[in-house]
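Got your viewer open? Let's take a short walk through this one, selecting as we go.

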Amino acid sequence: QLQLLESGGGLVQPGGSLRLSCVASGTFFSITYMGWYRQAPGKQRELVAIMSSSGDTNVADSVKGRFTISRDNAKNTGFLQMNSLKPEDTAVYYCGAGLRVRFGDSSNHYWGQGTQVTVSS
């Protein structure tokens, strides 16, 4: 069974840092992309940052310069380093990834269960 398992959320003061991790588990051929999304109460889920299999990244303007996305391909793990956190960064953060089960298959999107990030003094 393919799963994305997130960790690293929590409560942090404004200006603090957190590092989120997302591990893709199960049997699959490749990860085509891995990204981080967030959803604040009463708002739609939005893209925070995404990285392709070739390493190209796209980062939302609201977090540019503060958040960094990275991957450890050998461990099928993605990371989101969040620095200089602000109260408006408070949300449930979701890992989303495109996984190709077998060579030649199309990529299907999978979601993690989400991890709460709360920025408050």
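A cut-off to keep in hand: a residue is called exposed when its relative accessible area is over 50%, and buried when that is under 20%. One more thing before you click: the model is predicted.

Start on the outside and select Arg102. You'll find Arg102 in the loop between E9 and strand E10 (108–111). Arg102 has 53% relative accessibility, so it counts as exposed. Now add Thr27: the two sit 75 residues apart in sequence, yet their C-alpha atoms are 9.0 Å apart in space.

Next, show Cys22 and Cys95 as sticks. Their sulfur atoms are 2.1 Å apart and form a disulfide; the count for the model is one. Cys22 belongs to strand E3 (residues 18–25) and Cys95 to strand E9 (residues 91–100), so to speak two distant parts of the chain, 73 residues apart, linked by the pair. Look along the S-S bond and you have a left-handed link, at -75°. Unlike Arg102, which is exposed, both cysteines are buried.

Stay inside for the largest nonpolar core, 29 residues in total. Select Trp36, Val48, Phe67, Leu80, Met82 and Tyr93, which touch the most other members. Colour by strand and you'll see E3, E4 (30–39), E5 (46–52), E7 (67–72), E8 (77–82), E9 and E11 (115–119) each supplying at least two residues. E9 gives the largest share, with five.

Last stop: centre on Leu80. Which residues is Leu80 in contact with, leaving aside neighbours within four places in sequence? Among them are Leu18, Leu20, Trp36, Val48, Phe67, Ile69 and Tyr93, along with Arg19 and Thr68.

Key. Residues are numbered from 1 along each chain as its sequence is written. This is a predicted model: local features need pLDDT of at least 70, side-chain atom pairs count only at pLDDT 80 or more; totals for chains, interfaces and linings use all residues. Side-chain values use heavy atoms; hydrogens and water are left out. A disulfide is a pair of cysteine sulfur atoms within 2.5 Å. Helices (H or I, at least four residues) and strands (E, at least two) are DSSP runs, numbered from the N terminus. Buried means under 20% relative accessible area, exposed over 50%, partly exposed in between (1.4 Å probe, protein chains only). A nonpolar core is a set of buried Ala, Val, Leu, Ile, Met, Phe, Trp, Tyr and Cys residues joined through side-chain atoms within 4.5 Å. Contact means heavy atoms within 4.5 Å.
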